[in-house]
Amino acid sequence: GGNIGIVVFEASVEIRRNVIVNNLLGSQGGGIFLQTCSAVIANNLIRGNTTSADGGAIEVESCTGPVSIINNTIDSNSSSNSLSIGQAIGIINSSSVLIQNNIISNHNAFGKAAVGVSGTAPVVRNNLFFNNAILYYDSGTVSTIAGLNALASNGGNIAGDPAYVNYSYDPLNAPLTAPGTPPLPGAPAPA
């Protein structure tokens with residue numbers, strides 16, 4: 001943490017089982033930035049990342065191949081620009097994006113959406129949302145789970161407290177986990 005997270009251009013990539021925390025990327029995606037890629041982003045802790053542009057945690061830009069964002073904990077990321085898209089996830093001019101089975105929490109800075117879209121709408125299903133100012137923004141603001149689930153191809157999203165254990169910005173000493181979730185590799189088990 002503390003610098004640039006993961007930046008990928010024109011590739012097919014799998015980003016799995018990482019702790020991506022406290023990174024700062026001034027121009028795009030604070031934690032992960034993908035451009036013209038296909039990708040699987042799975043089973044990661046993505047927390048406390050910042051950008052002055054789009055996608056505090058993850059930005060997916062101009063990706064025509066499939067991008068799957070699944071089984072991640074995406075918490076407390078931010079995008080500081082008032083014109084930015086997505087405090088947690090920004091999807092810009094990308095097709096075939098799936099956002100599924102993630103915990104997306106604590107994205108409430110600047111009144112921006114947790115998931116922001118410019119272009120083709122992603123499929124957003126079976127995610128847990130907690131303490132986000134706005135859940136989703138495409139051509140309009142969606143602030144309720146019912147509203148999000150009503151969008152085409154979406155469903156199964158819920159709102160609720162993930163009841164984090166050992167909530168701390170020091171994931172090596174106190175990993176962010178939900179009840180029943182095994183600790184990250186190499187991290188101590190919750191007390």
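Colleague: How many bridges join β8 to β12, and do these strands run parallel or antiparallel?

Modeller: As a general idea, the strands of a sheet pair through backbone hydrogen bonds, and that pairing is either parallel or antiparallel. In this predicted model, β8 and β12 run parallel and are joined by two bridges. To find one of these places, start at T50, whose bridge partner in β12 is S78.

Colleague: In what order do the strands of this open sheet lie?

Modeller: Reading across the open sheet, you meet three strands in the order β4-β8-β12, and their pairing is parallel. Because β4 (24-25) and β12 (78-79) each have a single partner strand, they stand at the edges, and one side of each is left without a neighbour in the sheet.

Colleague: Where is D54 placed, and is D54 buried or exposed?

Modeller: D54 belongs to the loop that lies between β8 (50-51) and β9 (58-61). A residue is called buried when its relative accessible area is under 20%, and D54, at 15% relative accessibility, therefore counts as buried.

Colleague: Which backbone atom does the side chain of D54 reach?

Modeller: The D54 side chain comes to 2.7 Å from the backbone nitrogen of I85. If we leave aside neighbours within four places in sequence, the residues in contact with D54 include S84, I85 and G86, as well as Q28, G29 and E59.

Colleague: What does the secondary structure of the whole chain come to?

Modeller: The chain has one helix and 21 strands, and buried residues make up 51% of its 191 residues. Of the contacts between residues at least 6 apart in sequence, 70% join residues at least 24 apart.

Conventions. Residues are numbered from 1 along each chain as its sequence is written. This is a predicted model: local features need pLDDT of at least 70, side-chain atom pairs count only at pLDDT 80 or more; totals for chains, interfaces and linings use all residues. Side-chain values use heavy atoms; hydrogens and water are left out. Helices (H or I, at least four residues) and strands (E, at least two) are DSSP runs, numbered from the N terminus. Buried means under 20% relative accessible area, exposed over 50%, partly exposed in between (1.4 Å probe, protein chains only). A polar contact is a pair of N or O atoms within 3.5 Å; within protein, one must be able to donate a hydrogen and the other to accept it, and residues adjacent in sequence count only if both atoms are side-chain atoms. Contact means heavy atoms within 4.5 Å. Two strands pair if DSSP finds at least two bridges between them.
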